[in-house]
Structure formats: structure tokens, C-alpha cells
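Trainee: I would like to go through this structure with you slowly, asking at each step what justifies the words we use.

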Amino acid sequence: MSGNPSSSSTSQPKPDELDIEKILNREASAYQREVEVERILKAFKLNAYDILDIDETATMEEIKKKYRQISLFIHPDKCPHVRAPEAFDILKKACWTCFNRLFFSDAESELSDKAQREELDAVINQARSIVIKALNLSVSISNSDPKLQGLDPPFKTRLRTQSKLLLIEEEVRRRKAVKMNLANEGLEARKKDEEVAQRKRKAEEDKNWEDNREQRVDSWRHFASSSKKKKKTKVAVLG
């Protein structure tokens, strides 16, 4: 008979096979989580788009969605990778620094300031112009234009590479400015310390002057008294 129950039962996976499938899926998931951790650790830390692996034209909703997906995927409680906490912190810091905090709770909030994203976008737009001009194309060209497709290396790779160079230059300038400010602050601090020390020395000198006043008066009295005695002494005339 075609309805033989033994034929239908053979199509059902055995319990052992189900367990194996679960193990394989679990191991595949763990491997994918570790791959994602490695990707974040290797990403350029000054470019939040690179860390999120998302297009620079992404909306805040797309950024928020991608951030939540990755943060859950590599969360140290779920990912066995020994550096998962480090990757998680990198992801969180990048988003907090570059994207609008209004979309995120305080617990997540390293997706900070609108101005921060605008600064990053300005550098990326500058990089885009450089890449486009190097291809002898108009900067008004759309990223989806066929002329930007099939390039070797791809347009996205070129854009990320040029963005990295410009971001490094910006970071070097920023650090020099911070260093100069610190040096100026240090110079001002030294000037203030010198002024304080000078005032302190003056106060000590004034105090010593007052403390030695009686001694100076006594010395003057002794000198005056000796002078009077010398005047009263008669000089013996010879002969």
C-alpha cells in the first residue's frame, strides 16, 4: 500500500540527526560571531561607517537597526571570542561618537552628537570628491551610476581608503592642536606658579624685614652712641 506508515516514518529525521543539526547550527553561529568580532577589531577606528559596515548614505533608522543587530550578535554574553568585549566597546564608542544619541537610550548612548556625524560626513564627502575626480567624473555623479560599477578596486573600497587617509590627517592635526594647547596651558601654569612664588618670596622678605626691625634699630643706636663718644674724646697735643 502507498499509505504504508513505515514509508512516511523513514522521511522523518531521527533524534540523533536532529541533535547533530542543532550542534552544527550552533557551531556555525559561534563561528560567524567570531568572524564579526575579528572584522570589527580590524576596522578603521576613526570611521564609524567602517565599524558598522554600513553605507555612508544610510539613514538613522538603518544605522540604528544595524547597530542593534551587531551589538546583539557579538555581545560578550553570547559570543565566545575572547576579545568580544573589546569589539563590543569599539562598536559602542564609534556609534556614540558619530551618530545622534536621540535614537538611543542612555545605556547604549555612544551614538552622540549630530555635529560629530556631520564632521565625519564632511571628511567622507571630501574623500568622495577626490576619488571621483581621479576617475575624471563629475562629483555630482550618483554612487549607483554604472560608471562606478565594476571598478577594480571597487568604488566603495577606494572611498574607504581615501577616507582613511583624510581621517588620519584630521586626527594628526587634532592631536597636534591638543598638544599645543596643553603646552600653552603648561606655559601659563608655569607663569602663574612663578608669580605665586615671587609673591611668596616678597611676603617672606617683608616679614623678615619686620622681624629684624628691632635688631636694625639697636644697631643704629649703638652706632650713634659710638659716634658721640668719639666726638667727646680729646686729642692729646704733643709738645
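Mentor: Let us begin with the salt bridges, keeping in mind that this is a predicted model. Counting every side-chain nitrogen of Lys or Arg within 4 Å of a carboxyl oxygen of Asp or Glu, we arrive at seven salt bridges.

Trainee: What makes Glu36 and Arg39 a salt bridge?

Mentor: The closest N and O atoms of Glu36 and Arg39 are 2.8 Å apart, and because the rule asks for a distance within 4 Å, the pair qualifies. The two residues are three apart in helix H2, so about one helical turn separates them.

Trainee: Why is Glu36 called buried or exposed, and where does that leave Arg39?

Mentor: Glu36 has a relative accessible area of 16%, and since buried means under 20%, Glu36 is called buried. Arg39 has 23%, which falls between the 20% and 50% limits, so Arg39 is described as partly exposed.

Trainee: How do you know that Asp50 and Arg160 form a salt bridge?

Mentor: Their closest N and O atoms are 3.1 Å apart, which is again within the 4 Å limit. This pair links distant parts of the chain, as Asp50 belongs to helix H3 and Arg160 to helix H7, with their positions 110 residues apart. Asp50 and Arg160 also belong, together with Glu56, to a network of salt bridges.

Trainee: What makes Arg160 count as buried, and which residues is Arg160 in contact with?

Mentor: The relative accessibility of Arg160 is 13%, and because the limit for buried is under 20%, Arg160 meets it. Leaving aside neighbours within four places in sequence, Arg160 is in contact with Asn47, Tyr49, Asp50, Ile54 and Glu56. One of these has a further detail, for the side chain of Arg160 reaches the backbone oxygen of Ile54 at 2.9 Å.

Trainee: Further along helix H7, why is the pair Arg175 and Glu171 called a salt bridge?

Mentor: The closest N and O atoms of Arg175 and Glu171 are 2.9 Å apart, so the pair satisfies the 4 Å rule. Being four residues apart in helix H7, Arg175 and Glu171 are separated by about one helical turn. Arg175, at 55% relative accessibility, counts as exposed, because exposed means over 50%, whereas Glu171, with a relative accessible area of 16%, is buried.

Trainee: What joins the side chains of Arg174 and Glu171?

Mentor: A polar contact of 2.6 Å joins them, and a polar contact needs N or O atoms within 3.5 Å. Arg174 also lies in helix H7, and because its relative accessibility is 45%, Arg174 counts as partly exposed.

Trainee: Let us turn to nonpolar residues. Which residues touch the most other members of the largest nonpolar core?

Mentor: That core has 36 residues, and those touching the most other members are Val37, Ile40, Ile51, Leu52, Ile63, Ile74 and Leu91. At least two residues of the core come from each of H2, H3, helix H4 (60-73), helix H5 (84-98), helix H6 (114-134) and H7. H5 gives the most, with seven residues. In soluble globular proteins, nonpolar side chains tend to be buried together.

Trainee: Which residues is Ile40 in contact with?

Mentor: Apart from neighbours within four places in sequence, Ile40 is in contact with Lys45, Ile51, Ile70, Ile74, Ala87 and Ile90. A contact here requires heavy atoms within 4.5 Å.

Trainee: What is the nonpolar patch on the surface made of, and why does Leu46 count as partly exposed?

Mentor: Leu46, Ile168 and Val172 form the patch, and together they have about 210 Å² of accessible area. Leu46 sits in the loop between helix H2 (15-42) and helix H3 (48-52). At 32% relative accessibility, Leu46 is partly exposed, because 32% lies between the limits for buried and exposed; a patch member needs over 30%, and Leu46 passes that limit too.

Trainee: How many helices and strands does the protein have, and what share of its residues is buried?

Mentor: There are eight helices and zero strands, and buried residues make up 23% of the 239 residues. The accessible surface comes to about 17,900 Å², of which 55% belongs to carbon and sulfur atoms.

How values were computed. Residues numbered from 1 in each chain as written. Predicted model: local features only at pLDDT ≥ 70, side-chain atom pairs only at ≥ 80, totals over all residues. Heavy atoms only, no water. Patch = residues over 30% accessible without salt bridge, like charges linked within 9 Å, V, L, I, M, F, W, Y side chains within 5 Å. Areas by Shrake-Rupley, 256 points an atom, 1.4 Å probe, with all protein chains shown as cover. Buried < 20%, exposed > 50% of the residue type's maximum accessible area, 1.4 Å probe, protein only. Polar contact = N/O pair within 3.5 Å; in protein donor to acceptor, adjacent residues only side chain to side chain. Core = buried A, V, L, I, M, F, W, Y, C linked by side-chain atoms within 4.5 Å.
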